[in-house]
Amino acid sequence: MIDVSKPSVARMYDYLIDGTDNYPSDREACAELLKMAPSTKELARINRAFLVRAVRYLAQQAGIQRFLDHGSGLPTRPNVHQVARQIHPEARVVYIDNDPLVLAHGRVMLEEDLATTSVIEADFRHTEDIFKKAEVTGLLDGEPVAALFVSVLHCIPDEHDPWALVKDVARRLPSGSYMVISQLASDDPHLRENVTGFMKEITGDRWGRVRSTAEVQRLFDGLELVEYSEPVEVSTWRPDTDLFPRQQTQEWIEYGGIARIP
C-alpha cells in the first residue's frame, strides 16, 4: 500500500515539474519548501532538462547505447530510453528505484518494451546487489555504459557515503563509460541546514543533505570531466535553447556535469 498522506520525494519532484502523479501532502510540502528556497520549481525543471541534454549528448557525441538510471523517479516524457532511441533505436536502459508508485508507473510504461528496457526494484545504495541482477549484467558485456545519478545523491546521508557509492559504480563499469551526476548544492550554510532539516522531517529521516559545491565536486574525483573543467550549475551545461528557464536566484542550485571513466 502507498501512504499518500505523507509526502514523497519522487511525487514532490513530479509536482514541481508540472506532473500529475502527486497528492495534497506532496503539494503542501512543496509549498513550504518554496518558502525557504523560492527557485525550487525552476530548479526542478532545469534539472530535468539537463538530464535530457546529457542523455542526448552521450548518445550522439559519445556513441553510448546503454544507460543505468539510479533513482529514476516517476516517468516523465521524454524518458531516458525515449531520448536515447532517437539516436540509437536499439539503446538499452535499466531504471532503478524503490518507490512503489515509481515502480508501478514505470512497469506500466514499459510493458510493451521489455526486451531492451526494464525497471528494477532496489535501493540504489546497494551496488553489489544491483550489479548481480540479470537486467544489469546484460548491460555489462564490454560496451561502455552511462550511469546516471541525476538529482538523487542528496537523498543519501553522509554516513552512507555517496562519494564511495559513485566510486564503486564507476569501478564496475567498462573503461570508457560515463557518469552523469547532479545534486542539490548551496554555499549558504543556513539554507543547507534549514532545507536538510525540513526534508528529513517530512520524509521520516529518509533523506541525506544539501551539500556545498566543494562537496559535490568531490563526487567527480578520479573521473575525467567532459566539456567543462569543473562541475557547473546545470542550466549552463551545453544549453540548447534560450527559451528554457534559467536559475533566477542562487540560494541553491543543481550542480554537476558529465565525466568519463578512464
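A residue counts as buried when its relative accessible area is under 20%. By that yardstick, strand β4, which covers residues 146-150, is mostly tucked away in this predicted model: five of its five residues are buried. Look at the strand one side at a time and the picture holds up, with A146, L148 and V150 buried on one face, and A147 and F149 buried on the other. Both faces of β4 are covered, in other words.

So what does β4 pair with? Strand β1 (residues 66-70) runs parallel to β4, and three bridges link the pair. Within this pairing, L68 has A147 of β4 as its bridge partner. Strand β5 (residues 178-185) also pairs with β4 in the parallel sense, this time over five bridges. Here L148 sits opposite V180 of β5. To get from β4 to β5, the chain passes through helix α8 (residues 162-172), making a right-handed β-α-β crossover.

Now for a residue that touches this neighbourhood: L58, which belongs to helix α3 (residues 40-61). Is L58 buried or exposed? Its relative accessible area is 0%, which is under the 20% cut-off, so L58 is buried. Setting aside neighbours within four places in sequence, L58 is in contact with G63, I64, F67, A146, Y178, V180 and I258. Among these contacts, A146 is one of the buried residues of β4, and V180 is the β5 residue that stands opposite L148. As for G71, 13 residues away from L58 along the chain, its C-alpha atom is separated from that of L58 by 19 Å.

How values were computed
Residues numbered from 1 in each chain as written. Predicted model: local features only at pLDDT ≥ 70, side-chain atom pairs only at ≥ 80, totals over all residues. Heavy atoms only, no water. Helix = DSSP H or I, 4+ residues; strand = E, 2+ residues; numbered from the N terminus. Buried < 20%, exposed > 50% of the residue type's maximum accessible area, 1.4 Å probe, protein only. Contact = heavy atoms within 4.5 Å. Pairing = 2+ DSSP bridges. Right-handed = clockwise from strand over helix to strand, strands pointing away.
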